[in-house]
Amino acid sequence: QVQLVESGGGLVQAGGSLRLSCAASGRTSSIYRMGWFRQAPGKEREFVGAIKWSGGSTSFADAVKGRFTISRNNALNTVYLQMNSLNSEDTAVYLCAVQTGIGLTYSYWGHGTQVTVSS
């Protein structure tokens, strides 16, 4: 089992920045990739970006490419989502999740943190 706790959400003005954190505990040795997702009211959950636990390669959705970055601190078992140039369409609950192997689904999820961008 892997437990995930997100933090860092809040209210920010359009054009501003926020950094979210996702702290993992439990069987962190089983983590292959950690992803960030978001869900806005009335919309389906969507992929934001992900980072491989070993090696640190990242991938992003087109909607956030160039504005968001992901980094990790393996010693703290924590992944960060740096969000810049935020706009109202970034308003959502942001969740982190873990894949435990190549091709597997994201099987462990945090409860999420709210990000609200005011225009």
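In the predicted model, a disulfide joins Cys22 to Cys96, with an S to S distance of 2.0 Å. The count for the structure comes to 1 disulfide. The two partners lie in distant parts of the chain, 74 residues apart: Cys22 belongs to strand S3 (residues 18-26) and Cys96 to strand S9 (residues 92-99). Both Cys22 and Cys96 are buried. The torsion about the S-S bond of Cys22 and Cys96 is about 60°, and the disulfide is therefore right-handed.

Cys22 also appears among the contacts of Met34, which, neighbours within four places in sequence aside, include Leu4, Ala24, Gly49, Ala50, Ile51 and Trp53. Further contacts of Met34 are made with Val79, Ala97, Val98 and Tyr106. Met34 is itself one of the residues with the most contacts inside the largest nonpolar core, a set of 28 residues. Leu4, Trp36, Phe68, Leu81, Met83 and Tyr94 are the others named in this respect. Two or more residues of this core come from each of strand S1 (2-7), S3, strand S4 (33-39), strand S5 (46-52), S7, S8, S9 and strand S11 (113-118).

Two hairpins follow one another through S4, S5 and S6. S4 and S5 run antiparallel and are joined by 6 bridges, with Trp36 standing opposite Gly49 in S5. The hairpin formed by S4 and S5 has 6 residues between the strands, and Gly42 in its turn adopts a positive phi of about 75°. S5 pairs in turn with S6, again in the antiparallel sense, over 3 bridges. In that pairing Ala50 stands opposite Ser59 in S6. Between S5 and S6 the hairpin has 5 residues, and Gly55 in the turn has a positive phi of about 100°.

The loop between S4 and S5 also holds Ala40. Ala40 has a relative accessibility of 17% and is buried because this value falls under the 20% limit. Neighbours within four places in sequence aside, Ala40 is in contact with Thr91 and Ala92. Ala40 and Val93 are 53 residues apart in sequence, yet their C-alpha atoms are 6.3 Å apart in space.

A search of the whole structure finds 4 salt bridges. One of them pairs Arg38 with Glu46, the closest N and O atoms being 2.5 Å apart. The partners are unlike in exposure: Arg38 is buried, at 6% relative accessibility, whereas Glu46 is partly exposed, with a relative accessible area of 35%. In another salt bridge, Lys65 is paired with Asp62 at 3.1 Å between the closest N and O atoms. Asp62 has a relative accessible area of 67% and is therefore exposed.

The side chains of Arg67 and Asp90 also meet in a salt bridge, at 2.8 Å from N to O. This pair links distant parts of the chain, 23 residues apart. Arg67 lies in the loop between strand S6 (58-60) and strand S7 (68-73), and Asp90 in the loop between strand S8 (78-83) and S9. Arg67 is buried, with a relative accessible area of 16%, and Asp90 is buried as well, at 0%. Through shared partners, salt bridges join Arg38, Glu46, Arg67 and Asp90 into one network.

Definitions and conventions
Residues numbered from 1 in each chain as written. Predicted model: local features only at pLDDT ≥ 70, side-chain atom pairs only at ≥ 80, totals over all residues. Heavy atoms only, no water. Disulfide = S-S within 2.5 Å. Helix = DSSP H or I, 4+ residues; strand = E, 2+ residues; numbered from the N terminus. Buried < 20%, exposed > 50% of the residue type's maximum accessible area, 1.4 Å probe, protein only. Core = buried A, V, L, I, M, F, W, Y, C linked by side-chain atoms within 4.5 Å. Contact = heavy atoms within 4.5 Å. Pairing = 2+ DSSP bridges.
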